[in-house]
Amino acid sequence: MSQFRLGYGEDIHRLVEGRKLILGGIEIPFEKGLLGHSDADCLLHALMDSLLGALALGDIGLYFPPDDPEYEGADSTKLLAKVKSLVDDSNYAISNVDLLLFAEQPKLKPYRESIRSNIANLLDLDISQVGFQAMSNEGLDAVGRGEAIRAVSTVLLERKENE
Ligand code: MG
């Protein structure tokens, strides 16, 4: 069995009026929010896909089908708890996660530490294991026009000792 497993996840959601903006499980004051079947937290969705990908367990659509009414308006932190339980049941532990958020508006740097500490808490990690970068998309494409927010996650899992 490999010592390490690498995971990568990506997600994008459309920004619309009349929705709350929730990123990394934190509600961020803004005049728009992300559109989606759940709370549309693209950062946690990318994170979940990177964890599932690292273990070759498929993707979040498999566990939380977008057409299942149970997940309408779902709190993505609860979905992350389910994915975390799959990691906990595996022979691997999270070594570190590195998260990127691309948004033209709002500026997300002020929320950097609250997002990092929330994700560390949700995954039972030390904050030093959670990297986070927020950046604009330099005015390019849908993210740059302020029509969407995109998130990227990479994760490294390390085999647990004695397993
Ligand atoms: Mg999503």
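Is H45 buried or exposed in this predicted model? H45 is buried, because its relative accessible area is 8%, and buried here means a value under 20%. This residue is a good place to start a walk through the structure, since H45 appears both at a metal site and in a contact between two helices.

Let us take the metal site to begin with. The magnesium ion has as its protein donors D11, through OD, H13, through NE2, and H45, through ND1, and these lie 2.1 to 2.3 Å from the ion. Along the chain, the donors follow the spacing D-x1-H-x31-H. The pair H13 and H45 therefore links distant parts of the chain, with H13 in strand β1, which covers residues 4–17, and H45 in helix α1, which covers residues 42–54, the two being 32 residues apart. Like H45, which is buried, H13 counts as buried, because its relative accessible area is 14%, again under the limit of 20%.

From H45 we can follow helix α1 to its contact with another helix. Two packed helices are described by the angle between their axes and the distance between the axes. For α1 and helix α3, which spans residues 76–88, that angle is about 15° and the axes are 10 Å apart. This makes α1 roughly parallel to α3, because angles under 35 degrees are counted in that way. The crossing of α1 and α3 is left-handed. On the side of α1, the contact is made by L44, H45, L47, M48, L51 and L52, while α3 contributes S76, T77, L79, L80, V83, L86 and V87. When the residues of this contact are sorted by kind, 10 are nonpolar, three are polar and none is charged.

A further helix, α4, runs over residues 112–122, and its buried residues are I115, R116, N118, I119 and A120. These buried residues pack against several elements, namely β2 (22–23), β3 (26–27), α1, β5 (92–102) and β6 (130–135), so that helix α1 enters the picture once more. After α4 comes D124, whose phi is positive, near 55°.

Which residues does R116 contact, if its neighbours within four places in sequence are left aside? R116, which is found in helix α4, is then in contact with I127, S128, V130 and F132. R116 is classed as buried because its relative accessible area is 13%, which falls under the cut-off of 20%.

Note on methods:
Residues numbered from 1 in each chain as written. Predicted model: local features only at pLDDT ≥ 70, side-chain atom pairs only at ≥ 80, totals over all residues. Heavy atoms only, no water. Donors = N, O, S within 2.8 Å, 3.2 Å for Na, K, Ca; no water. Helix = DSSP H or I, 4+ residues; strand = E, 2+ residues; numbered from the N terminus. Buried < 20%, exposed > 50% of the residue type's maximum accessible area, 1.4 Å probe, protein only. Axes fitted to C-alpha atoms, helices over the stretch in contact; angles between N-to-C directions. Parallel < 35°, antiparallel > 145°, perpendicular 65-115°, else oblique. Left-handed = near helix turned anticlockwise from the far one by under 90°. Contact = heavy atoms within 4.5 Å. Nonpolar A, V, L, I, M, F, W, Y, C, P; charged D, E, K, R; others polar.
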